[in-house]
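Q: Please take a close look at one part of this structure, the aromatic rings and what lies around them. I am new to it, so give the cut-offs as you go.

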Amino acid sequence: MATFDSRSFYTRGDSFSVGDSREHVERALLDFGATDVLFNQRGRLGAIAFRACGRQFRILISLPQPHGIPAVQGDVSAVPGREVTTKALELVARRFWHAFALSTDAKLAAVAAGVATLESEFLAHVVLPGNHTVIEELEPAIASAYQSGQGPLIGNAAARGPDQMY
């Protein structure tokens, strides 16, 4: 695994293009030692997949829609006021991808510093046998637990020993 080197990427979120931020995420993952880094997008759903530390990860993200601008299906150029809409969509996308890049940097920096493991930082996105992620498997169970009032006991978990965490 390569040493993680976070480039100075902190600035206003709309200063970098979507492509620059995506490239930054890919480079950060590859520099960390990840392989098979892939980006995919279908409509408003994006995915980033990679392999690292003997695990496969898949992050599904709902791409943002700016407030007050209706969702656009198909060709944006057919929409009245398309210049404003296109600029607003681009600005929101730039900010979103920049924030995603920063969060990826933070996770990888925590792992590089020994504060966390890659699996703990990206646990929700670990792909399990059956091609589902941890979050896809657990979200319904968590929602059901809270709906039924039988939520997990989390309070004061840090004060307990590791064998008594839950």
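A: What follows is a walk through the aromatic rings, then the nonpolar core.

This is a predicted model, in which local features need pLDDT of at least 70 and side-chain atom pairs count only at pLDDT 80 or more, while totals for chains, interfaces and linings use all residues. Residues are numbered from 1 along each chain as its sequence is written, and side-chain values use heavy atoms, with hydrogens and water left out.

The structure contains 6 aromatic pairs. Rings of Phe, Tyr and Trp (its six-membered ring) count as a pair if their centres lie within 6.5 Å; planes under 30 degrees apart are stacked, over 60 edge-to-face, and the rest tilted. One of the pairs joins Phe96 and Trp97, edge-to-face, at 5.8 Å between centres and 90° between planes. Trp97 also pairs with Phe100: the centres are 5.6 Å apart and the planes stand at 75°, so this pair is edge-to-face. Trp97 and Phe100 are about one helical turn apart, because they lie 3 residues apart in helix α2 (residues 82-112). Helices (H or I, at least four residues) and strands (E, at least two) are DSSP runs, numbered from the N terminus. Ring pairs link Phe96, Trp97 and Phe100 with Phe39 into a cluster.

Accessibility varies within this group. Buried means under 20% relative accessible area, exposed over 50%, and partly exposed in between, with a 1.4 Å probe and protein chains only. Trp97 is buried at 5%, Phe100 is buried at 11%, and Phe96 is partly exposed at 22%.

Charges also meet rings here. A charge sits over a ring if NZ of Lys or CZ of Arg is within 6 Å of the ring centre and within 35 degrees of the ring normal. The charged end of Arg22 sits over the Trp97 ring, 5.5 Å from its centre. Elsewhere, Lys107 places its charged end over the ring of Phe122, 5.4 Å from the centre.

Next comes the core. A nonpolar core is a set of buried Ala, Val, Leu, Ile, Met, Phe, Trp, Tyr and Cys residues joined through side-chain atoms within 4.5 Å. The largest one has 23 residues, and Leu29, Phe50 and Leu118 have the most contacts inside it. At least two residues of this core come from each of α1 (18-32), β2 (45-52), β3 (55-62) and α2. Contact means heavy atoms within 4.5 Å. Beyond its neighbours within four places in sequence, Leu118 is in contact with Phe32, Ala52, Cys53, Phe57, Leu108 and Val111.
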